[in-house]
Amino acid sequence: MSAIPLHLLPDTAEVASDGSLLVGGCRLVDLAAQFGTPVFVYDEAHLRARCREAVAAFGPGRVIYAAKAFLCTAMARLVHEEGLLIDVASGGEMYVALHAGVTQLQDLLRRFLVDPEQLIQQLPLREQIAAVARVMVVA
């Protein structure tokens with residue numbers, strides 16, 4: 001078995017003196033022992049750096065994170081904090097983004113592919129959702 005080149009790994013990846021792989025200072029074998037496998041490990045520093053690079057290259061308000069790629073509250077908060085818009089395509093995705101603190105509709109809504117009534121039924125934040133539905137009906 002050959003070693004994986006470090007340039008293919010997250011920015012904070014390093015090989016410890018015992019040969020184990022660390023990401024973000026966390027020993028991956030320890031995470032596997034604690035949580036089992038498969039375990040998904042995201043390097044926050046790496047993600048933030050890539051977001052900043054994209055915003056620097058394309059400009060503020062021009063980089064959109066596709067929620068369908070991977071979305072949880074932490075990821076929604078991270079991309080929002082780094083200046084990305086979030087492309088949501090379901091009521092569930094919008095629910096997660098809103099609960100992550102993304103409250104401005106322009107930060108959430110680039111396209112929305114469900115019936116506005118379905119969205120209103122799914123989410124408890126009726127006032128914000130009603131506003132989205134009105135925008136969608138007018139558009």
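This passage describes confidence, salt bridges, one buried serine and a surface patch in a predicted model.

The protein chain has an average pLDDT of 80, and 72% of the residues score at least 70. Among the elements of the chain, strand 3 (residues 26-27) has the highest mean pLDDT, at 96, and helix 7 (residues 126-138) the lowest, at 50. Over residues 135-139 the pLDDT is below 50, and this stretch has three contacts in the model beyond near neighbours in sequence.

Eight salt bridges were counted. One of them joins Arg50 to Asp11, with the closest N and O atoms 2.9 Å apart. Arg50 belongs to helix 2 and Asp11 to the segment before strand 1, so this pair ties together parts that lie 39 residues apart in sequence. Both residues are partly exposed: the relative accessible area of Arg50 is 30%, and Asp11 has a relative accessibility of 46%.

A salt bridge within helix 2 pairs Glu44 with Arg48, the closest N and O atoms being 2.8 Å apart. The two residues are separated by about one helical turn, because they stand four residues apart in helix 2. Glu44 is partly exposed at 46% relative accessibility, whereas Arg48 counts as buried at 15%, the cut-off for buried being under 20%. Glu44 and Arg48 also belong to a network of salt bridges that links them with Arg52, Glu81 and Glu82.

Arg27 and Asp30 form a further salt bridge through their side chains, with an N to O distance of 3.7 Å. Arg27 is partly exposed, with a relative accessible area of 28%, and Asp30 is likewise partly exposed, at 45% relative accessibility. The side chain of Arg27 also makes a polar contact of 2.4 Å with the side chain of Ser20.

Ser20 is located in the loop that runs between strand 1 (14-15) and strand 2 (21-23). With a relative accessible area of 11%, Ser20 is buried. When neighbours within four places in sequence are left aside, the residues in contact with Ser20 are Glu14, Val15, Arg27 and Val29.

On the surface, a nonpolar patch is formed by Phe35, Val39 and Val41, which together have about 250 Å² of accessible area. Within this patch, Val39 is situated in the loop between helix 1 (28-35) and helix 2 (44-58). Val39 counts as partly exposed because its relative accessibility is 31%, and the partly exposed class lies between the buried limit of 20% and the exposed limit of 50%.

Technical notes
Residues are numbered from 1 along each chain as its sequence is written. Side-chain values use heavy atoms; hydrogens and water are left out. Patches are made of residues with over 30% relative accessible area and no salt bridge: like charges are joined within 9 Å, nonpolar side chains (Val, Leu, Ile, Met, Phe, Trp, Tyr) within 5 Å. Accessible areas come from the Shrake-Rupley method with a 1.4 Å probe; for residues, only the protein chains shown count as cover. A salt bridge is a side-chain nitrogen of Lys or Arg within 4 Å of a carboxyl oxygen of Asp or Glu. Buried means under 20% relative accessible area, exposed over 50%, partly exposed in between (1.4 Å probe, protein chains only). A polar contact is a pair of N or O atoms within 3.5 Å; within protein, one must be able to donate a hydrogen and the other to accept it, and residues adjacent in sequence count only if both atoms are side-chain atoms. Contact means heavy atoms within 4.5 Å. pLDDT is the predictor's confidence in each residue, from 0 to 100.
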